[in-house]
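Dear colleague,

I am passing on the structure below, and I would be glad if you kept it open while you read my notes, which follow directly after it.

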Amino acid sequence: MPLLDWLNKPASLQTARLVSYRLLECVPALGYGATPNANLLIQGDNLEALKALLPLYAGRIKCIYIDPPYNTRSAFEHYDDNLEHSQWLSMMYPRLELLRDLLAEDGSLWVSIDDHEGHYLKVMLDEIFGRKNFIANVVWQKKFSPQNDAKWLSDTHDHIHCYAKDKSIWHPNLLPRSLKQEGNFQNPDEDERGVWVSADYTCAKSKDERPNLYYAITNPNTGEEIWPATTRVWAFDRTSHERNVANDLLWWGKTGANSKPRFKKFQTDIQQGTVPVTIWFHQEVGNNQDGRRESLVFNKIEPFSTPKPERLIERILHIATNPGDWVLDSFLGSGTTAAVAHKMGRHYIGVEMGDHAVTHCQPRLQKVVDGEQGGISKAVNWQGGGGFTFCRLGATVFDEYGMIDKAIRFPTLAAYVWYLETRTPWIAPDTLSPLLGIHDSTAYYLLYSGILGDRRPQGGNVLTQTVLDGLPKHPGKRVIYGETSRFGAGRLAAEGITFKQIPYDVRVG
Ligand SMILES: C[S@@+](CC[C@H](N)C(=O)[O-])C[C@H]1O[C@@H](n2cnc3c(N)ncnc32)[C@H](O)[C@@H]1O
């Protein structure tokens, strides 16, 4: 497969692996609402934030929407968008790798971008997600009137690249029918099966003549014999046609004298909703001006020129998620994705490095919790409720010498060890135990920080016979992390134990 190359690409391929793990530190004063632990608003650089999220959220996020800086130099005011082309690509590559690892197997990624980097980004996404997982390049009409002072062509659309983590198992939700589409369903013959639309009863004649589809049909109202036009055939063979007649599925028009029958398709038989198309007009999903207006309701200081309209994000979340799913936006801006996810009953994680995490996102989400009625609120009947936790990036888990920070508690290290071994997130149990869990028939144990109740230095962190006797039993392979082991290699092998030493064997790549 042809790959994109740029200055410093080799280094950017290593960035995600090398960036250090940091802790997320809660800022209780900025969290809000009744259940402040489900949703997360993180202030910080998303490279480190995404890495910090991996041990807890890898493979759990159903939909990622991002709207990164477009690298247009002039478009934004609140961050340095003056990244050169290569720098921009180097910025995006490791972040997209981390995002891919956070995505659920049946999840999808959606990225807003314009023409400056959109096509380079497409090739990069092909490399990271695989060309076979490309779903679509949605064209969103972001402006509705031409810019007559444009020097060349007036730019009126953005791209939204959509990729599945695994296209073979990803399915879009259908979109609700528009009122216009609903209006096409009628019931002029008062059929008790409900409203219907009439469809053509013929189809084009193919090269092989299909004589079984070419026969005379009698109009029951006039007695006239009807044949398909010479270039066409009936859509049904004679047996199916007779079944259609018996089931009252032919429509001859209001007077019953139409010379060609049509086929009645009932709304109840047609899939509920329409398949999403790849062009989204501003009348359906809003435009840049709507986004700007909506964000000004939350903060009179203009955030940037392009907050996205809530209806645009609603469309994406409708297609890609169901209530209760996790949504992530790591370039949160004014907080649109989090606000929409909240109103739609999805869980969310939003990451924003600018001050506007505090000046825009936090107050916006607080208003959402209180039942704010802008954006999509009325359409989704939003009444308020829920809450969110506000975090910033804290200390690194490992210092520059590879030692574990003294502040690290058992659950944090447990999540890292579990992720290192299984590449799945660790869900902390109500009662902590040195047995972290069993994965693929192997049990993983962590002896750390006095988990066994002995608070003396190293107490309980060393694998001794007494400690081993006290560990929850497992008949198969066991992997035990601890400070040191009193057992020799032969004894460990005989017990089916792989011993790993903290901190040297805890290197999460
Ligand atoms: C185009 S704006 C997103 C607008 C957003 N979709 C909305 O509706 O408001 C991009 C945002 O990404 C943020 N950003 C840029 N680089 C970042 C990084 N490395 N980590 C976290 N946020 C970043 C910027 O501060 C900016 O707020």
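In the side chain of threonine 336, an N or O atom is 2.6 Å from an oxygen atom of the ligand, which fits a polar contact, meaning a pair of N or O atoms within 3.5 Å. With the protein around it, the ligand loses 98% of the 600 Å² that it exposes when taken alone, where accessible areas come from the Shrake-Rupley method with a 1.4 Å probe. Serine 334 also has a polar side-chain atom that lies 2.7 Å from an oxygen atom of the ligand, while at asparagine 46 it is a polar backbone atom that is 2.9 Å from a nitrogen atom of the ligand.

Please bear in mind that this is a predicted model, in which local features need pLDDT of at least 70 and side-chain atom pairs count only at pLDDT 80 or more, whereas totals for chains, interfaces and linings use all residues. Residues are numbered from 1 along each chain as its sequence is written, and side-chain values use heavy atoms, with hydrogens and water left out.

As for the whole protein chain, buried residues (under 20% relative accessible area, with a 1.4 Å probe and protein chains only) make up 50% of its 509 residues. The C-alpha trace of the protein chain spans about 100 × 65 × 50 Å along its principal axes.

With best wishes

How values were computed: Polar contact = N/O pair within 3.5 Å; in protein donor to acceptor, adjacent residues only side chain to side chain.
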